[in-house]
Amino acid sequence: PVPSGWQVQEQAPGAASVSDGRALFVVRTLRGEPGTDPMQLCQTFHQTVLKDAPNAGFGESTLQDVGAENLAVASCPAVYTETQGGQSVQMTVVTFASVRTSDGVTMLATALFNQDTPDQSFTDINAMLNAVLGSQASGG
């Protein structure tokens, strides 16, 4: 379920993105290995998808306790500069990498936002993140 005010931007097998016009939330699922380190996965993912992004900067991965014993979860932040209408805007990217320890089903949930993104967008992103983590946890 997508919160009110959010629209599906793109949907493909194993991936979807939604936006409220002020933030973007992208979820990808893939088959991984049960022992995959989510902290390393998060870093590698950001370095791959932002390799050509202007002024990209990467923060440290942090393990996250999401209350699900069968999920290994880490988050990592990154920033880059995006040019919109001739103006440079610093974008923040936060990804949660989650690996189901029973079978390796992996989820990458990424939020993209800037300093003008309102609190309601973050509330909605948190709700969607909790929903997809809950779904992943209950699936195995």
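Me: Which residue does a disulfide join to Cys-42?
Reply: This is a predicted model, in which local features need pLDDT of at least 70, side-chain atom pairs count only at pLDDT 80 or more, and totals for chains, interfaces and linings use all residues. Residues are numbered from 1 along each chain as its sequence is written, and side-chain values use heavy atoms, with hydrogens and water left out. A disulfide is a pair of cysteine sulfur atoms within 2.5 Å. Here the S to S distance is 2.1 Å, and the partner of Cys-42 is Cys-76.

Me: Which elements hold Cys-42 and Cys-76?
Reply: Helices (H or I, at least four residues) and strands (E, at least two) are DSSP runs, numbered from the N terminus. The two cysteines are 34 residues apart, so the pair links distant parts of the chain. Cys-42 lies in helix H1 (residues 38-49), and Cys-76 lies in strand E6 (residues 71-84).

Me: Is the disulfide of Cys-42 and Cys-76 left-handed or right-handed?
Reply: The handedness follows from the torsion about the S-S bond. That torsion is about -95°, so the disulfide is left-handed.

Me: Are Cys-42 and Cys-76 buried or exposed?
Reply: Buried means under 20% relative accessible area, exposed over 50%, and partly exposed in between (1.4 Å probe, protein chains only). Of the 140 residues of the protein, 42% count as buried. Cys-42 and Cys-76 are both buried.

Me: In what order do the elements of the protein run from the N terminus on?
Reply: The protein has two helices and eight strands. Their order is β-β-β-α-β-β-β-β-β-α.
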